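Student: I should like to go through this model and ask what justifies each term used for it. May we look at the structure together?

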Amino acid sequence: MLVTGGAGYIGALLVPALLKEGYDVTVVDNFMHRNNNSLLSCAYHPNFNVIQGDIRSRRIMEPLIDYHKVIIPLAAMVGAMACDDDPIQANEINYISNEQMFSLAKDGQRFIMPTTNSSYGKSDTPVDEDSPQHPVSQYAKEKLYIENLLMQRKEAISLRLASLYGFSPRMRTDLLLNNIVLRAKTDGFISLFEGGAMRDFVHVRDVVRAIIFCLGEANWPKMKGEIYNVGEINRTKREVCGMVQYIGSKHNIEKFLISEADSGKDQDRRDAYIKHEKLVKAGFVYMYCIADGIKELIKGYRMYDASEANF
């Protein structure tokens, strides 16, 4: 199978897991985030191949797409802030390159594509996979456009991801929970804006497990052609900070002050209670919870040099 962006935050955990499951895996990644070390532990494996290249290149992608039966597109410029900082490149990576990939693919090729639930925007009532989409940021809009193209294919699954957390060989400290714990560990203080905004959360390892679950030959026939929200829990940003404060006090974070700020806006303006029952009804069981994730992050940051963080 082909994994684009396979050296990234999700891919650095997914690729070793796929190899362990017995799959042949080819990764294409341009290593734009200095993440060229994240898959070194896979280099020994005879079923692993890696290509340093840009998914925007038709010359690189056409033979790769032609050869592989299963494609997992992870390559993306992720998050509203990153896309707003470089909207042209974001459009090329998040939309144009994936549109090209779908045009090159044949009928019968399988796609499992993690997208985002940022497209739900703000909602005063709980939302599920059939709820109207209200994307605000460029990132959310382009991801929704691509999801619409993806779901025109018969052999495709879209996974709308919650806010991810947890350690990965290609670490991201900018993700909400990862960043809150880092601020608690290093600064002992956070200025919280939009504390009442509702977010859902999922461990990156559960995302890996969800992708592998979809790949199962018993699961694929009943799951293909569908969209699934992938998330373990809903909490407000204020509640999450309170959890970090409480759990941190039990694990050598002596002081974590939370100051509610009057100014500041989330660029993707996500604020919705998101329902996750559909994936659970398909048979998936979440293994990780946010409380244990906070403990993991506290432990990991004792060893992690945040000055080397890749964004």
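Tutor: Let us begin with sequence separation, bearing in mind that this is a predicted model. Among contacts in the protein chain between residues at least 6 apart in sequence, 81% join residues at least 24 apart.

Student: What secondary structure does the protein chain contain, and how many helices and strands are there?

Tutor: The protein chain has 11 helices and 12 strands.

Student: How do you know what radius of gyration a compact globule of 311 residues would have, and what does the protein chain have?

Tutor: The globule rule is 2.2 Å times the number of residues to the power 0.38. For 311 residues the expected value is near 19 Å, and the protein chain has 19 Å, so the two agree. Along its principal axes, the C-alpha trace spans about 55 × 45 × 40 Å.

Student: What share of the residues is buried, and what belongs to carbon and sulfur atoms at the accessible surface?

Tutor: Of the 311 residues, 55% are buried. The accessible surface comes to about 14,300 Å², and 50% of that belongs to carbon and sulfur atoms. As for charge, there are 37 positive and 39 negative side chains, and the centres of the two sets lie 3 Å apart.

Student: What makes a set of residues a nonpolar core, and which residues have the most contacts inside the largest one?

Tutor: The members must be buried nonpolar residues joined through side-chain atoms within 4.5 Å. The largest such core has 68 residues, and Ile10 and Leu177 have the most contacts inside it. Helix α7, residues 204–215, gives the most to this core, with 9 residues. A second, separate core has 19 residues, including Ile55, Ile65, Ile146 and Ala156.

Student: Which residues does Ile10 contact, leaving aside its neighbours within four places in sequence?

Tutor: Ile10 is in contact with Leu74, Leu161, Leu164, Val204, Val207, Val208 and Ile211.

Student: Why is Ser158 called buried or exposed?

Tutor: The cut-off for a buried residue is under 20% relative accessible area. Ser158 has 0%, and is therefore buried. Ser158 belongs to strand β6, residues 156–161. Leaving aside neighbours within four places in sequence, its contacts are Met113, Thr115, Glu147, Leu150, Met151, Glu226, Ile227 and Tyr228.

Student: What is notable about the phi of Glu194, and why is Glu194 assigned its exposure class?

Tutor: Glu194 has a positive phi of about 50° although it is not a glycine. The partly exposed class lies between the 20% and 50% limits. With a relative accessible area of 32%, Glu194 therefore counts as partly exposed. Glu194 is found in the loop between β8 (189–192) and β9 (198–203).

Student: Why is Asn252 called buried or exposed?

Tutor: A residue is exposed when its relative accessible area is over 50%. Asn252 has 66%, so Asn252 is exposed. Asn252 lies in the loop between α9 (237–249) and β12 (257–260). Asn252 also has a positive phi, about 70°, although it is not a glycine.

Student: How do you know the exposure class of Arg302, and which residues does Arg302 touch?

Tutor: The relative accessible area of Arg302 is 46%, so Arg302 is partly exposed. Arg302 lies in the segment after α11 (290–301). Not counting residues up to four places away in sequence, Arg302 touches Lys185, His251 and Asn252. The C-alpha atoms of Arg302 and Thr186 are separated by 9.9 Å, although these residues are 116 residues apart along the chain.

Student: Why does Arg183 count as buried or partly exposed?

Tutor: Being buried requires a value under 20%. Arg183 stands at 25% relative accessibility, and so counts as partly exposed. Arg183 is placed in helix α6, residues 176–186. Beyond four places in sequence, Arg183 is in contact with Gly188, Phe189, Ile190 and Phe256. From C-alpha to C-alpha, Arg183 and Gln138 are 27 Å apart in space and 45 residues apart in sequence.

Student: Where is Gln133 found, and what does Gln133 touch?

Tutor: Gln133 is in the loop between β5 (110–116) and α5 (138–150). Not counting residues up to four places away in sequence, Gln133 touches Ser119, Tyr120, Leu144 and Arg160. The C-alpha atoms of Gln133 and Thr4 are separated by 26 Å, with their positions 129 residues apart along the chain counted as the separation.

Notes:
Residues numbered from 1 in each chain as written. Predicted model: local features only at pLDDT ≥ 70, side-chain atom pairs only at ≥ 80, totals over all residues. Heavy atoms only, no water. Buried < 20%, exposed > 50% of the residue type's maximum accessible area, 1.4 Å probe, protein only. Helix = DSSP H or I, 4+ residues; strand = E, 2+ residues; numbered from the N terminus. Contact = heavy atoms within 4.5 Å. Areas by Shrake-Rupley, 256 points an atom, 1.4 Å probe, with all protein chains shown as cover. Lys, Arg positive; Asp, Glu negative; His and termini not counted. Charge placed at Lys NZ, Arg CZ, Asp CG, Glu CD.
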